[in-house]
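Open the structure in your viewer and keep the sequence panel visible. The tour goes from one selection to the next.

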Amino acid sequence: MKLKMMMMCLAAAGAALAMGPTDNGFSGPNGKVVEVTNPIAVCRPAETISVKWADVDAKPGDRCVRVWDVVLQKTIPWQDDQEGNLIFSTPLAAEEVRQFIVTTDPRVEQADLRTVCWAGYLPYRMDDYAWENDKFAMRAYGPVIMEPAPAGQTLISSGIDVLCKRVSYPIFTTWMNPDHIKRFKSYHKNHGEGMDNYKVGTSRGTGGIAQFDGGVWSRSINWAEQKTIMTGPVRAVFELTYKPWGKFGKETRRVTIDRGQCMAKFCAVFEGPAPDTLVGPGIDIAAARNHNGDIKVDMENAIISNFEPKDGAFGNIMTAIMLCPKAGKAVVASDDCDCLYLLAKPCAKKNAIGYWAGSSWTGAGQFTKSCQWHAYVKDFAAALRAPVTVVVK
């Protein structure tokens, strides 16, 4: 399976190289060369590259900047990450070395910089907070849905919901809009863009967290505050705040979702230490909610991935969680909600736990078999442990 993915990446790169100069003889702009090296024999379908603005002789957010992909012989989307870096996304074949040119050459057309990675508050869908990129979508429930009907649904759940999508553009603001719901009746059926057919309830869904201490499980209620930090063509970042729960104080959870990736990064920071408490993300495997699929637990790499049973004509949903490489030694546990957890002690320095959670869907076409999904998740974890090297020339 890995060999097949590597060959696909190499074939795509070779086809692009064969394109050569553009029809008008233009072979590439002048500017700073960014050389990116994949150090391992693992294909990276989408890697986010970060360079300092100062290193490429440009000002943060300068709209005259273009990022030229030497392999593709064209410009690609980029974004200012608001932390002094220019970021862009690229695929990398196994052990590939790839070059990009950061330029302000006026002969070069700007890439499409429309928003692909989106995060935002949806007050007209009660008060969901949602996020998505070109591959998958998720949401978390806020305080209004905890209220009785008609304002809410009396739903107390800090689980993470998954929505299936098959288009590269943002769909949440459209799907949840009352006019769209009135027209299509329900976003729980696929009208061409995808649908919401994942069941969460009070479980952890895909990436909701819990604390475990001496046989006692603790979970937060719905988020209390939300803050959108950025959206754009390459990355979206936001924060959700939860009132004190378990043995910790208030929790602030920062989430980052990047272009082309089927996993989003979560970092939960807690107020007040609880040194004897384990904490971490859960993944629903309940048969009652159709989550009892082909489940792989990889403790060496702190991964749990799940290729769920087929849901009639709707296809299969895929989910996964993994701890960040620096999260420390993980243990696996299960609770009475039929969820599996990856638990670890919070980082002592920041009192935080870092992890990834993500999803895909057979209807999107990227993965159609369980072996493909499990291989992707394992390779994603391997890539986290072997970062690319970036050199500016």
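The stops below cover strands, salt bridges, a sheet with its helix, and one single residue.

**Before you start**

This is a predicted model, in which local features need pLDDT of at least 70 and side-chain atom pairs count only at pLDDT 80 or more, while totals for chains, interfaces and linings use all residues. Residues are numbered from 1 along each chain as its sequence is written, and side-chain values use heavy atoms, with hydrogens and water left out.

**Stop 1: strand E10**

Select residues 137–140, which make up strand E10. Helices (H or I, at least four residues) and strands (E, at least two) are DSSP runs, numbered from the N terminus. In a regular strand the side chains alternate between the two faces of the sheet. Here Ala137 and Arg139 point one way, and Met138 and Ala140 point the other way. All of these residues are buried, a word that stands for under 20% relative accessible area, with exposed meaning over 50% and partly exposed in between (1.4 Å probe, protein chains only).

Now add residues 128–132, strand E9, which runs antiparallel to E10 and is joined to E10 by four bridges. Two strands count as paired if DSSP finds at least two bridges between them. Trp131 has Met138 as its bridge partner in E10. The two strands E9 and E10 form a hairpin, with four residues between them.

Next add residues 160–165, strand E11, which is antiparallel to E10 and joined to E10 by four bridges. Look for Ile160 in E11, opposite Ala140.

**Stop 2: the salt bridges around Asp128**

Which residues are linked with Asp128 in a network of salt bridges? Select Arg125, Arg139, Asp161 and Asp196 together with Asp128 to show the network. A salt bridge is a side-chain nitrogen of Lys or Arg within 4 Å of a carboxyl oxygen of Asp or Glu. By this rule there are 22 salt bridges.

Zoom in on Asp128 and Arg125, whose side chains meet at 2.8 Å, N to O. Asp128 is buried, at 0% relative accessible area. Arg125 also counts as buried, with 11% relative accessibility.

**Stop 3: strand E19**

Select residues 278–284, strand E19. Is this strand enclosed or open to the outside? Six of its seven residues are buried, so E19 is largely enclosed by the rest of the structure.

Two neighbours can be added to the selection. Strand E13 (residues 206–213) is antiparallel to E19 and joined to E19 by five bridges, and Thr206 has Ile283 as its bridge partner in E19. Strand E24 (residues 339–343) pairs with E19 in the antiparallel sense over three bridges; Cys339 in E24 stands opposite Asp284.

**Stop 4: the open sheet and its helix**

Select the eight strands that form an open sheet in the order E15-E16-E17-E18-E25-E22-E21-E20, with antiparallel pairing. At the edges are E15 (225–230) and E20 (294–298), each of which pairs on one side only. From one strand to the next, the twist averages 15 degrees. Within the sheet, E17 and E18 pair over six bridges, and Arg254 has Cys267 as its bridge partner in E18.

Then show helix H4 (residues 370–384), which packs on the sheet and touches E18, E20, E21 (303–307), E22 (317–323) and E25 (352–361). Contact means heavy atoms within 4.5 Å. The direction of H4 makes about 155 degrees with that of E21; axes are lines fitted to C-alpha atoms, for helices over the stretch in contact, and angles run from 0 to 180 degrees between N-to-C directions.

Return to Arg254 and add Glu239: the two form a salt bridge, with the closest N and O atoms 3.1 Å apart. Arg254 lies in E17 (residues 251–258) and Glu239 in E16 (residues 235–242), so the pair ties together parts that are 15 residues apart in sequence. Arg254 is partly exposed at 31% relative accessible area, whereas Glu239 counts as buried at 18%.

**Stop 5: Glu47**

Finally, select Glu47 in strand E2 (residues 44–52). Glu47 is buried, with a relative accessible area of 16%. Leaving aside neighbours within four places in sequence, Glu47 is in contact with Phe88, Ser89, Thr90, Leu92, Gln261 and Val388.
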